[in-house]
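Open the model in your viewer and switch on a cartoon view. Keep the sequence beside it, and select each stop as you reach it.

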Amino acid sequence: MKGDRVEIVVDAGDTTRTYEVVASRAGRRVETAVRRGVVEVSEVTRSGTVVRTARFMATRVLALVEQLVPREDAGEAEARAQGRPLREDPKV
């Protein structure tokens, strides 16, 4: 979903480099795959069309961090749409 991003930290010899792939528009998502020694991170539309792809050798990838935007459940979305206050956590 929009705002989701994946950070990839890669060993570049004497230093490290950080790359980000972000779901830039509504309805897009970020998918990761590891195949045949290659890490592939893609931004994908709702219909499954790949918009952009970043590929890295798996032996060079130091970290792969998925940072997801917090989602609200259906009850919270409905309450917000009707102007009702959100329910509070009973543990608090």
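The tour visits two sheets, then one residue, then some charged pairs. Bear in mind that this is a predicted model.

**Stop 1: the sheet with β1**

Select strands β2, β1 and β6. They form an open sheet in that order, and the pairing is antiparallel. Now look at the rims. β2 (16–22) and β6 (61–67) are the edge strands, and each pairs on one side only. Turn the sheet to see its twist, which averages 15 degrees from one strand to the next.

Next, keep β1 (residues 5–11) and β2 on screen. Seven bridges pair them in the antiparallel sense. Which residue in β2 is the bridge partner of D11? Select T16: that is the partner. Keep D11 in mind, as the tour comes back to it.

**Stop 2: the sheet with β4**

Hide those strands and select β3, β4 and β5. Here is an open sheet of three strands, ordered β3-β4-β5 and paired antiparallel. Why is one side of β3 and of β5 left without a neighbour in the sheet? Both stand at the edges, β3 at 29–35 and β5 at 50–57, and each has a single partner strand, so one side stays unpaired. From one strand to the next, the twist averages 20 degrees.

Zoom in on β4 (residues 38–44) and β5. They run antiparallel and are joined by seven bridges. For one example, select S42: its bridge partner in β5 is T53. Strands of a sheet pair through backbone hydrogen bonds, so show backbone atoms here.

**Stop 3: V38**

Select V38, which is found in strand β4. Is V38 buried or exposed? Neither: its relative accessible area is 29%, so V38 counts as partly exposed.

Now show what surrounds it. Leaving aside neighbours within four places in sequence, V38 is in contact with A33, R55, F56 and A58. Add M57 and draw a line between the C-alpha atoms. M57 and V38 are 19 residues apart in sequence, yet the C-alpha atoms are 4.7 Å apart in space.

**Stop 4: charged pairs**

Bring the whole chain back and show side chains. Side chains of opposite charge can pair when their charged atoms come close. How many salt bridges does the structure hold? It holds eight. Here are three of them to find.

Start with E20 and R5. Their side chains meet in a salt bridge, 2.6 Å from N to O. The pair links distant parts of the chain, with E20 in strand β2 and R5 in strand β1, 15 residues apart. Both are partly exposed: E20 has 44% relative accessibility, and R5 has a relative accessible area of 27%. Add E7 to the selection. R5, E7 and E20 are linked in a network of salt bridges.

Go back to D11 and add R60. This salt bridge has its closest N and O atoms 3.4 Å apart. D11 lies in strand β1 and R60 in the loop between β5 and β6, so the pair ties together parts that are 49 residues apart in sequence. D11 is partly exposed at 25% relative accessibility, and R60 is partly exposed at 38%.

Finish with E31 and R29. They form a salt bridge whose closest N and O atoms are 2.9 Å apart. E31 is partly exposed, with a relative accessible area of 36%. R29 is also partly exposed, at 30%.

Notes:
Residues numbered from 1 in each chain as written. Predicted model: local features only at pLDDT ≥ 70, side-chain atom pairs only at ≥ 80, totals over all residues. Heavy atoms only, no water. Pairing = 2+ DSSP bridges. Helix = DSSP H or I, 4+ residues; strand = E, 2+ residues; numbered from the N terminus. Axes fitted to C-alpha atoms, helices over the stretch in contact; angles between N-to-C directions. Buried < 20%, exposed > 50% of the residue type's maximum accessible area, 1.4 Å probe, protein only. Contact = heavy atoms within 4.5 Å. Salt bridge = Lys/Arg side-chain N within 4 Å of Asp/Glu carboxyl O.
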